[in-house]
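Colleague: Please take a close look at one part of this model, the salt-bridged helix and what it connects to. Then work outward from there, and keep the reasoning visible.

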Amino acid sequence: MNEIIIATVGLITGMTTIMFGFGGGFVVVPFVYQLSLRQPAIAPNALHIAVATSAAVMIFNAGWSTYIHQRRGNLSAKLLFPLTLFIGLGAVIGSLLAGLFSEATIRHLFVLYMLVTIFDCLFSRYFLQGSEARALSMLTKTAGGTAIGIVAAMLGVGGSVMTVPLLRKHGFSMKHCISHANPLSLPVALCATLAYIMSGWGKIPEHGFMGYVSLSTLAILIIAGGLGISISQRYFPKIPDRWHARLYVLLLIAVLVAMLV
């Protein structure tokens with residue numbers, strides 16, 4: 001039964017990767033967290049397992065989505081660099097810091113992060129309505145990129161929930177925000193996965209784990225996620241820009257509710 005539920009979540013994750021730029025974090029973290037809490041042997045490490053497995057899922061989902069958007073010509077090297085490099089730098093720092101925080105602290109930070117992002121999207125005059133595109137400043141690319149990497153790696157969320165609003169506020173369409181969210185999430189996913197593998201090595205008293213990463217859950221999520229990506233890119237209709245922005249915020253709210261419950 002658990003395998004069917006995990007596969008369903010993986011399918012949804014793949015769809016949200018294409019539609020909203022989420023490589024997995026905001027769908028996978030609450031789900032794997034709740035699933036792990038119901039297993040006494042691993043419950044004390046439930047959130048670390050959720051964040052680590054989420055980061056590993058993002059490597060595959062964000063990587064595949066990046067390949068798809070690159071083939072379609074949707075990616076701009078000028079926009080990705082040097083922002084990607086500074087997000088990567090922040091991800092290294094965030095991955096090193098992640099092991100210093102308790103389960104409760106990470107959960108509280110995750111919820112706070114979601115609340116701030118939702119309110120920022122709702123009350124920003126640029127996010128829901130859109131505006132004229134303008135270039136990112138060097139300060140945004142350097143300091144902003146580093147901050148995104150630190151927060152995203154610590155919480156296992158990939159950074160898309162920060163990069164999409166950032167690009168949207170600079171006037172980019174939701175299509176371009178989402179197409180760039182996945183490559184910008186890749187350095188976070190790679191650094192966070194390696195950090196959680198190393199910091200969790202030997203700490204889970206169960207078979208089937210590489211550090212904090214649940215290998216069986218990861219495998220199902222990747223296979224189902226690939227199917228979700230294929231379905232989404234082939235059969236889902238294009239969404240008008242303003243509705244796309246509103247659906248993005250609604251999905252964030254749904255994930256926050258799932259985490260709180």
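Modeller: What follows starts at that helix and then moves on to its partners and other parts of the chain.

This is a predicted model. The helix in question is α8, residues 160-169. Three neighbouring positions are worth taking one by one: L167, R168 and K169.

Start with L167. This leucine sits in helix α8. Its relative accessible area is 0%, so L167 is buried, as the cut-off for that class is under 20%. What does L167 touch, once neighbours within four places in sequence are set aside? The contacts are L79, L136, F172, C177 and H180. R107 gives a sense of distance. L167 and R107 are 60 residues apart in sequence, and their C-alpha atoms are 26 Å apart in space.

Next comes R168. Its side chain forms a salt bridge with D241, with the closest N and O atoms 2.6 Å apart. R168 belongs to helix α8, whereas D241 belongs to helix α11 (residues 241-260), so the bridge ties together parts 73 residues apart in sequence. Is R168 buried or exposed? R168 is buried, because its relative accessibility is 1%. D241 is at 28%, so the aspartate counts as partly exposed. In this bridge, then, a buried arginine meets a partly exposed aspartate.

K169 forms a salt bridge too. Its partner is D120, at 2.5 Å from N to O. This bridge also links distant parts of the chain: K169 is in helix α8, D120 is in helix α6, and their positions lie 49 residues apart in sequence. K169 has 22% relative accessibility and so is partly exposed. D120 has 30% and is therefore partly exposed as well. How many salt bridges does the structure hold? There are two. The R168 bridge leads to helix α11, and the K169 bridge leads to helix α6.

Follow the K169 bridge into helix α6. This helix covers 103-123. F119 and F123 form an aromatic pair here. The pair is stacked, at 5.8 Å centre to centre with 5 degrees between the planes. The two phenylalanines are four residues apart in helix α6, which means that about one helical turn separates them. Their exposure is as follows. F119 is partly exposed, because its relative accessibility is 47%. F123 reaches 65% and so counts as exposed.

Helix α6 also contributes to a nonpolar surface patch. The patch is formed by L89, I93, L97, L100, F101, L109, L112 and V116. Together these residues have about 670 Å² of accessible area. Which elements give two or more residues to the patch? They are α5 (83-98) and α6 (103-123). L100 is placed in the loop between α5 and α6. Its relative accessibility is 67%, so L100 counts as exposed; the cut-off for that class is over 50%.

Now the other aromatic groups. A search of the whole structure finds four aromatic pairs. F20, F127 and Y248 form one aromatic cluster. Y196 and Y212 make an edge-to-face pair, because their ring planes are at 70 degrees, with centres 6.2 Å apart. Y196 is in helix α9 and Y212 is in the loop between β1 (209-210) and β2 (213-214), so the pair ties together parts 16 residues apart in sequence. Y196 is at 2% relative accessibility and therefore buried. Y212 is at 6% and therefore buried too.

Helix α9, residues 174-199, also holds T193. T193 is buried, because its relative accessible area is 8%. Where does the side chain of T193 reach? One polar contact is to the backbone oxygen of A189, at 2.7 Å. Another is to the backbone oxygen of A55, at 3.3 Å. A55 also appears among the contacts of T193 outside its neighbours within four places in sequence; that list is A52, A55, A56 and I59.

Back to helix α8, to close. L167 is buried there. R168 is buried and bridged to D241. K169 is partly exposed and bridged to D120.

Notes: Residues are numbered from 1 along each chain as its sequence is written. This is a predicted model: local features need pLDDT of at least 70, side-chain atom pairs count only at pLDDT 80 or more; totals for chains, interfaces and linings use all residues. Side-chain values use heavy atoms; hydrogens and water are left out. Buried means under 20% relative accessible area, exposed over 50%, partly exposed in between (1.4 Å probe, protein chains only). A polar contact is a pair of N or O atoms within 3.5 Å; within protein, one must be able to donate a hydrogen and the other to accept it, and residues adjacent in sequence count only if both atoms are side-chain atoms. Contact means heavy atoms within 4.5 Å. Patches are made of residues with over 30% relative accessible area and no salt bridge: like charges are joined within 9 Å, nonpolar side chains (Val, Leu, Ile, Met, Phe, Trp, Tyr) within 5 Å. Accessible areas come from the Shrake-Rupley method with a 1.4 Å probe; for residues, only the protein chains shown count as cover. A salt bridge is a side-chain nitrogen of Lys or Arg within 4 Å of a carboxyl oxygen of Asp or Glu. Rings of Phe, Tyr and Trp (its six-membered ring) pair if their centres lie within 6.5 Å; planes under 30 degrees apart count as stacked, over 60 as edge-to-face and the rest as tilted.
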